[in-house]
Amino acid sequence: MAQKILVIDDDTDICLLLRRFLSKHGFEVAVAHNGVTGLAILEEFHPDLVLTDFKLGDMDGATILTRIKEKFPHLPVLIITGYSDIKTAINVMKQGAYDYITKPLFPDEILLTIRKALNHSQTHEQGGQFAEEATPATPGGATRRKSTQAHYIFGEGPESTYLYKQVDLVAPTNYSVLIYGESGSGKEAVALEIHKRSKRASGPFVAMDCGAISRELAASELFGHEKGSFTGALAQKIGHFEMANGGTLFLDEVGNLPYDVQVSLLRVVQERKLRRIGGNREIDVDVRLIVASNERLMDAARRGRFREDLYYRFNEFSIDVPPLRERRSDLMIFAQFFLDKTNIELGKQVKGFTPEVERAFREYPWPGNLRELRNVIKRSTLLTEGDYVDARTLPFELLNYEKLLFFDSGTSTTPSVQDLPPPQPYYEAPAAPKPYTSSKVDLKSAALEAEYEMILNVLKQVNFNKSKAAQALGIDRKTLYNKMKNINLSN
């Protein structure tokens with residue numbers, strides 16, 4: 001039976017192209033042009049994957065993701081985004097999105113990401129991924145990995161050396177470990193490395209993303225439930241604690257757990273016993289806990305969002321994973337690591353990077369950390385035809401981030417059209433449309449001709465990206481489409 005994909009995008013052209021392309025590759029595709037319609041189709045279509053634009057007319061990516069995860073917590077969701085929205089897309093990934101795809105869309109990249117997401121959603125035990133890429137095995141992003149493959153390289157810089165020493169020091173103990181780090185910095189990879197170097201290495205490593213599950217499902221995911229214990233509990237379920245028995249349980253973004261679930265969690269941590277929801281029997285568990293957060297849990301405790309006593313239970317040993325921008329000396333080591341893995345994945349033999357690419361990498365602040373670096377290299381390797389990745393394959397915005405996107409302070413700006421440098425397209429731009437002309441000589445006709453010139457100039461400067469053009473003109477995308485149609489620019 002063909003796997004089903006639901007595409008949600010208010011750009012009808014993108015929907016049409018994706019439907020045709022994915023159908024040719026054997027998928028059954030349904031499309032929706034807004035969030036409300038997409039959610040309605042979701043109930044009837046039961047897709048294996050959802051591909052949704054981050055900016056829809058009636059709701060944003062975070063909202064639609066939350067609505068999807070409430071009913072289908074296991075369903076992989078891919079977010080389509082412009083590079084100017086990557087920071088927000090990364091935050092949405094913390095809520096449970098599998099990955100994001102940046103515009104402009106490349107068919108091979110889309111197909112590769114979709115197949116990877118579908119494969120991960122079907123595979124319960126799988127290794128070989130890096131950083132915080134997980135293999136969902138249960139609703140809520142749980143993973144169970146074997147400890148036989150290398151998932152992580154530490155680098156050689158002083159920050160990496162110190163991190164290695166901390167992991168080497170705490171791994172043989174049975175201490176609970178609290179890992180701090182920004183999204184995409186490699187917290188799960190560090191947790192897995194601790195497990196692999198511990199006395200529990202032969203036991204299971206089970207990971208759960210606490211930010212990817214709804215409040216109602218959190219307790220069930222952690223502790224399990226008995227059949228009939230609540231509406232929808234059609235069968236007995238084993239929780240993550242029982243899955244990790246004899247091994248290590250990794251709780252990512254633990255600060256997102258509901259407060260009442262934190263109370264139950266504290267009891268299990270203290271007594272090493274649990275009771276499934278709706279059950280009467282206490283079950284002994286032997287689990288080492290490693291938790292991670294991108295915010296300081298003590299600060300959350302002071303604000304009343306996290307139990308202070310639970311914080312002290314977790315904080316027997318803490319590790320800070322530095323962001324990529326603070327590990328500049330190791331940047332190209334990580335880049336080569338990702339390139340080698342991508343070569344194997346794509347069956348290519350790309351040797352390395354041109355000096356221009358290396359310079360661009362070193363100057364960019366990498367707000368998405370290792371995850372963003374991995375995605376950029378996967379994309380560029382796919383586009384590379386020679387022996388070395390060159391600057392033509394890099395995202396336009398990465399090469400011009402100072403004017404377009406991110407700063408080390410974490411702020412972003414929207415540049416005016418005049419500030420944009422001339423684009424360097426990797427592909428040939430569409431042919432220029434025929435000019436708008438009118439036989440009438442009146443104020444309305446003159447205004448239309450002036451509007452034609454302005455819209456065409458903006459489209460040229462942003463490489464005919466309609467979303468960027470609409471943003472630069474200060475109008476929404478639908479208004480831009482209507483104006484283009486009125487002045488013969490629709491093609």
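Let me start with two strands in the middle of our topic today: strand S3, residues 49-53, and strand S4, residues 77-81, run parallel and are joined by four bridges. If you would like one pair to look for on the screen, take Leu 51, whose bridge partner in S4 is Leu 78. Please keep in mind throughout that what we are looking at is a predicted model.

Helix H3, which covers residues 61-71, packs on the sheet, where it touches strand S1 (4-8) as well as S3 and S4, and its direction makes about 175 degrees with that of S4.

Now to the sheet as a whole. In what order do the five strands stand? The order is S2-S1-S3-S4-S5, in an open sheet with parallel pairing. At the edges we find strand S2 (28-32) and strand S5 (99-102), and each has a single partner strand, so one side of each is left without a neighbour in the sheet. Neighbouring strands of this sheet are, on average, turned by 20 degrees against each other, if we ignore direction.

Let me move on to helix H1, residues 12-24. Its 13 residues reach 18 Å from the first C-alpha to the last, which is close to the 18 Å expected at 1.5 Å a residue. At the start of this helix, a side-chain oxygen of Asp 11 comes to within 2.9 Å of the backbone nitrogen of Asp 13.

Which residues of H1 are buried? They are Ile 14, Cys 15, Leu 18, Phe 21 and Leu 22. When we look down the axis of H1, these buried residues fall within an arc of 140 degrees, so they line one face of the helix. On the other side of H1, by contrast, Leu 17, Arg 20 and Lys 24 are exposed.

After H1 the chain comes to Gly 26, which has a positive phi, near 90 degrees. Then, in the loop between H1 and S2, we meet Phe 27. Why does Phe 27 count as buried? Its relative accessibility is 9%, and because buried means under 20%, Phe 27 falls into that class.

What does Phe 27 touch, if we leave out residues up to four places away in sequence? Its contacts are Gln 3, Ile 5, Leu 22, Leu 111, Ile 114, Arg 115 and Leu 118. Two of these names have a place in what we have already seen: Leu 22 is one of the buried residues of H1, and Ile 5 lies within the range of strand S1 (4-8). Although Phe 27 and Ile 5 are 22 residues apart along the chain, their C-alpha atoms are separated by 6.8 Å.

Terms used: Residues are numbered from 1 along each chain as its sequence is written. This is a predicted model: local features need pLDDT of at least 70, side-chain atom pairs count only at pLDDT 80 or more; totals for chains, interfaces and linings use all residues. Side-chain values use heavy atoms; hydrogens and water are left out. Two strands pair if DSSP finds at least two bridges between them. Axes are lines fitted to C-alpha atoms, for helices over the stretch in contact, and angles run from 0 to 180 degrees between N-to-C directions. Contact means heavy atoms within 4.5 Å. The expected span of a helix is 1.5 Å times one less than its number of residues. Buried means under 20% relative accessible area, exposed over 50%, partly exposed in between (1.4 Å probe, protein chains only). The arc is that of the directions from the helix axis to the C-beta atoms. A polar contact is a pair of N or O atoms within 3.5 Å; within protein, one must be able to donate a hydrogen and the other to accept it, and residues adjacent in sequence count only if both atoms are side-chain atoms.
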